[in-house]
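Please work through the exercises below with the sequence and the 3D structure open beside you. Each task is followed by a solution that goes step by step.

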Amino acid sequence: MVAAEFIDAHFHLDLFKDPAPIIAECEARSILTIAVTNAPSVFFHTQRLASSTKLIRASVGLHPELVHSHAHELPDMLRLMSETRFIGEVGLDYCTTDETLRAKQRKVFEAILDRAASLGDRVLSIHSRRAAGDVIKSVGTAFKGVAILHWFSGSSRELDRAIEAGFYFSVNPAMVQSKSGRTLIAGIPAERLLTETDGPFVEIKGTKLTPRSVQQAVNGVAEVWGASVESVARTIRDNLKRLGLIEM
Ligand code: MN
């Protein structure tokens, strides 16, 4: 267990050409960073990068948008899930209207959820674009682990159902800048709030975000909630302690 001041609960370290300065940034600014991956075949690279650090956690994933081409990696995914507590990026993406592909995504996601439940104590970073309803249904209300909805963009009703089911929410700087994102943030309970950047997929003013930008997410939440930046940061640290991700 480590001490940390901030959390980036969803960051794609492996997609940056030069990871060394980013790792140094996480350590210098005390940012616990969950380095998600999109396919099990690229997990080892991130695992190697994370192994010599204090604050980077390598996360094994199979992104729903890659299920059409990488479903054959599911057995590797299930096997590697015993090597790390962190699972992601996983989930469902219904931007595709192809019902066969949606069903294939559900089958892969449900296999991952079953394996996570049997291993226990796993922390999942979950993608749910246009699929919040089915993601909430698949994870269920009795999931044994931590289910984090990354960049949640469902309806307010779906948000309420996700809260009821026990999900956490990782909020990023793009969300705090959008009207719909701010409406959702207003409805997230303090005890379920985490932050993320989703770099390099989130860019602000032409710059691909790195973990230090979680500060912008903290600032944005503080603004929406009418709370102080320090109290929001403290709330997030309390959540991380309760989840056993940082020391008390
Ligand atoms: Mn992502």
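## Exercise 1: the buried side of helix 2

What covers the buried residues of helix 2 includes helix 1, strand 2 (31-35), strand 3 (56-58) and helix 4 (74-80). The model is a predicted one, in which local features need pLDDT of at least 70 and side-chain atom pairs count only at pLDDT 80 or more, while totals for chains, interfaces and linings use all residues. Residues are numbered from 1 along each chain as its sequence is written, and side-chain values use heavy atoms, with hydrogens and water left out.

Task: determine which residues of helix 2 are buried and which are exposed on the other side.

Solution. Begin with the terms: helices (H or I, at least four residues) and strands (E, at least two) are DSSP runs, numbered from the N terminus. Buried means under 20% relative accessible area and exposed over 50%, with partly exposed in between (1.4 Å probe, protein chains only); contact means heavy atoms within 4.5 Å.

Next, look along helix 2 (residues 43-51), where Phe43, Thr46, Leu49 and Ala50 are buried. These residues cover an arc of only 130° around the axis, and therefore sit on the same side of helix 2; the arc is that of the directions from the helix axis to the C-beta atoms. Finally, Arg48 and Ser51 are exposed on the other side of helix 2.

## Exercise 2: the manganese site

Task: identify the protein donors of the manganese ion, and work out which parts of the chain His12 and Asp198 tie together.

Solution. First, donors are N, O and S atoms within 2.8 Å of the metal (3.2 Å for Na, K and Ca), and since water is not among the atoms, sites may look incomplete. The protein donors are His10 (NE2), His12 (NE2), Glu89 (OE) and Asp198 (OD), which lie 2.2 to 2.4 Å from the manganese ion.

Second, place two of them in the chain: histidine 12 is in the loop between strand 1 (6-11) and helix 1, and aspartate 198 is in the loop between strand 8 (193-195) and strand 9 (203-204), so the pair ties together parts that are 186 residues apart in sequence. Histidine 12 is buried at a relative accessible area of 1%, and aspartate 198 is also buried, at 4%.

Third, examine the backbone beside the donors. Glutamate 89 belongs to strand 4 (residues 86-91), and the peptide bond leading to it from glycine 88 is cis, with omega near 20°. The peptide bond from glycine 199 to proline 200 is cis as well, with omega near 0°; proline 200 is in the loop between strand 8 and strand 9.

## Exercise 3: a buried acid without a salt bridge

Task: establish what lies around glutamate 25.

Solution. Start with its place, which is in helix 1 (residues 19-29). Glutamate 25 is buried yet has no salt bridge, and the nearest side chain of opposite charge, that of arginine 212, is 4.1 Å away. A salt bridge is a side-chain nitrogen of Lys or Arg within 4 Å of a carboxyl oxygen of Asp or Glu; Lys and Arg count as positive and Asp and Glu as negative, whereas His and the chain ends are not counted.

Then turn to the backbone: the nitrogen of arginine 212 lies 3.0 Å from a polar atom of the glutamate 25 side chain. Leaving aside neighbours within four places in sequence, glutamate 25 is in contact with Ile31, Thr210, Pro211 and Arg212.

## Exercise 4: two salt bridges

Task: locate the partners of the salt bridges formed by aspartate 76 and by arginine 182.

Solution. By the rule given above, the count comes to 11 salt bridges. In one of them, the side chains of aspartate 76 and arginine 79 meet at 3.1 Å, N to O. These two residues are 3 apart in helix 4, which means that about one helical turn separates them. Aspartate 76 is partly exposed at 32%, and arginine 79 is partly exposed at 47%.

For the second case, the side chains of arginine 182 and glutamate 223 meet at 3.0 Å, N to O. Arginine 182 lies in helix 9 (residues 179-187) and glutamate 223 in helix 10 (residues 214-225), so this pair ties together parts that are 41 residues apart in sequence. Arginine 182 is partly exposed, with a relative accessible area of 29%, whereas glutamate 223 is exposed, at 57%.

Terms used:
A polar contact is a pair of N or O atoms within 3.5 Å; within protein, one must be able to donate a hydrogen and the other to accept it, and residues adjacent in sequence count only if both atoms are side-chain atoms.
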